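Me: I'm new to this one, so could you walk me through it slowly?

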Amino acid sequence: MWYDGMQVTAEESGEALFGSWLQEHAGLIFKISSSFAPDETDRQDLTQEILFQIWRSMPRFQPKVKVSTWLYRVALNTSLAWHRGERSRRWQIPMPELERLPADANDPLLSSDRELVDALYVAIRKLPKLDACLTLMSLDGLSYHEMAEVLGISEDNVGRLGHAVDDVTCGRFHRVYHC
Amino acid sequence: MLLMMLPVGGFTVFTIVDRLQHLKRRSRHDSSVKVCLESILAEINHRIWLCRNVVWWLILPVVFVADAGFRCYLAWGLRTATAAPIDAAGTIVPALVESGVTGVIVYYLFRWLIQKSFQPRKQELETLLRNLDG
């Protein structure tokens, strides 16, 4: 296998790809874990679980899907399946050693006013889970087509759900932003 | 003792086979949210089914055999100690009935525990899937 002009083993290539995805999409994972886990310990636990699931699912990645869409799928599925205090199954598959997940400094959602961002996460956590998923994807600017790919439903259905979520969440986020 | 070893051994083999099968059909987190939720729901339904089997084929037989054996042993011993004539209908039948009542209590207790453990999560997943389907 080749990575960045050098011949590497499949394992090294996988680690390099995993590392580059994390560099590029750390903000996405951080946002999703912050939107589902209520406190720092849970957030770290969920982040680890998401990273583990990404690592485990990597061999099945198909390049026809955008990396961000695929990562959204894995992260949302893991978050929806994740239970507070549930013991992790990370020991089953060895993973590369990871540094603490860096927050994406270029992401305006993370680099802007901390209190406002925290308030936004609190508001998202209060939403029903499906609405939280749609709100996150909507805030990240995913198209209806990408949302449909992540959720596994038709674009029409995404549109219908999106409008319903907008009606409910507009008021809440308006209060968060303007209070 | 042999009567108790039978369900324990049988169920151990059953559980190992079931777990090996389960490894093949584990939910994949890179599939769509809908597919993933459906497989988690199927897994929860399977766990409920598994727990019910544990109750029917492991806990209830063991409880019934242990309880009935103990009661019969006590009743039999009492009759022997008082040198009264051994009356099977008067000794064993009440012991079996009492053990049956214990079995029913244990069954309902475990049924309640299974409901309490899995039902909220199951309902949550069903609601999520219903909302996704519109």
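Reply: Let us begin with a definition: a residue is called buried if 20 or more other C-beta atoms lie within 10 Å of its own, exposed if 12 or fewer, and partly exposed in between. Please also keep in mind that this is a predicted model.

Me: Okay, let me try that out. Why does B:Cys51 count as partly exposed?

Reply: B:Cys51 has 17 other C-beta atoms within 10 Å, and because 20 or more would make a residue buried and 12 or fewer would make it exposed, B:Cys51 is partly exposed. As for its place in the chain, B:Cys51 lies in helix α2 of chain B.

Me: Which helix holds B:Ile114, and which residues does B:Ile114 touch, leaving out those up to four places away in sequence?

Reply: B:Ile114 is part of helix α3 of chain B, and once residues up to four places away in sequence are set aside, B:Ile114 touches B:Ile48, B:Cys51 and B:Arg52. B:Ile114 and B:Cys51 are 63 residues apart in sequence, and their C-alpha atoms are 7.2 Å apart in space. For B:Cys51 and B:Leu113, the separation is 62 residues in sequence and 9.9 Å from C-alpha to C-alpha.

Me: And how many other C-beta atoms are within 10 Å of B:Ile114?

Reply: There are 18 of them, so B:Ile114 is partly exposed.

Me: Zooming out, what is chain B built from?

Reply: Chain B has three helices and zero strands, and buried residues make up 9% of its 134 residues. Among the contacts in chain B with a separation of 6 or more, 81% are between residues 24 or more positions apart.

Me: What about chain A, how many helices and strands does that have?

Reply: Chain A has eight helices and two strands, and reading from the N terminus the order is β-β-α-α-α-α-α-α-α-α. Buried residues account for 28% of the 179 residues in chain A, and 67% of the contacts in chain A with a separation of 6 or more are between residues 24 or more positions apart.

Me: How is chain A divided into domains?

Reply: The domain assignment gives domain 1 (1–105) and domain 2 (112–179). Where these two domains of chain A touch, the contact takes eleven residues from domain 1 and eleven residues from domain 2. On the domain 1 side, α1 (10–36) and α3 (67–81) of chain A each supply at least two residues, and α3(A) gives the most, with five residues. The residues on that side of domain 1 divide into six nonpolar, three polar and two charged.

Me: Switching topic: which residues touch the most other members of the largest nonpolar core?

Reply: That core has 40 residues, and those touching the most other members are A:Ala75, A:Leu76, A:Cys133, A:Met137 and B:Val33. α3(A) gives the most to this core, with seven residues, and at least three residues come from each of domain 1 (1–105) and domain 2 (112–179) of chain A. Taking A:Met137 from that list, and leaving aside neighbours within four places in sequence, A:Met137 is in contact with A:Tyr72, A:Leu142, A:Met147 and A:Val150.

Me: Where do A:Met147 and A:Val150 sit, and are they buried or exposed?

Reply: A:Met147 and A:Val150 are both in helix α7 (residues 144–151) of chain A, where they are buried along with A:Glu149 and A:Leu151. After α7(A) comes A:Gly152, whose phi is positive, near 80 degrees.

Me: One more helix, then: which residues of α5(A) are buried, and which are exposed on the other side?

Reply: The buried ones are A:Leu120, A:Tyr121 and A:Ile124. Seen down the axis of α5(A), its buried residues fall within an arc of 100 degrees, so they line one face of the helix. On the other side of α5(A), the exposed residues are A:Glu115, A:Asp118 and A:Lys126.

Me: Last thing, how many residues of each chain are in contact where A and B meet?

Reply: There, 14 residues of chain B are in contact with 20 residues of chain A. On the chain B side, two or more residues come from each of α2 (33–82) and α3 (88–133), and α2(B) provides the largest share, six residues. The residues on that side of chain B divide into seven nonpolar, four polar and three charged.

How values were computed: Residues are numbered from 1 along each chain as its sequence is written. Chains are lettered from A and ligands numbered from 1 in the order in which they are written. This is a predicted model: local features need pLDDT of at least 70, side-chain atom pairs count only at pLDDT 80 or more; totals for chains, interfaces and linings use all residues. Two residues are in contact if their C-beta atoms, placed from the backbone, lie within 7 Å. Helices (H or I, at least four residues) and strands (E, at least two) are DSSP runs, numbered from the N terminus. Ala, Val, Leu, Ile, Met, Phe, Trp, Tyr, Cys and Pro count as nonpolar, Asp, Glu, Lys and Arg as charged, and the others, Gly among them, as polar. Domain bounds come from an automatic or database domain assignment. The arc is that of the directions from the helix axis to the C-beta atoms. A nonpolar core is a set of buried Ala, Val, Leu, Ile, Met, Phe, Trp, Tyr and Cys residues joined through C-beta atoms within 7 Å.
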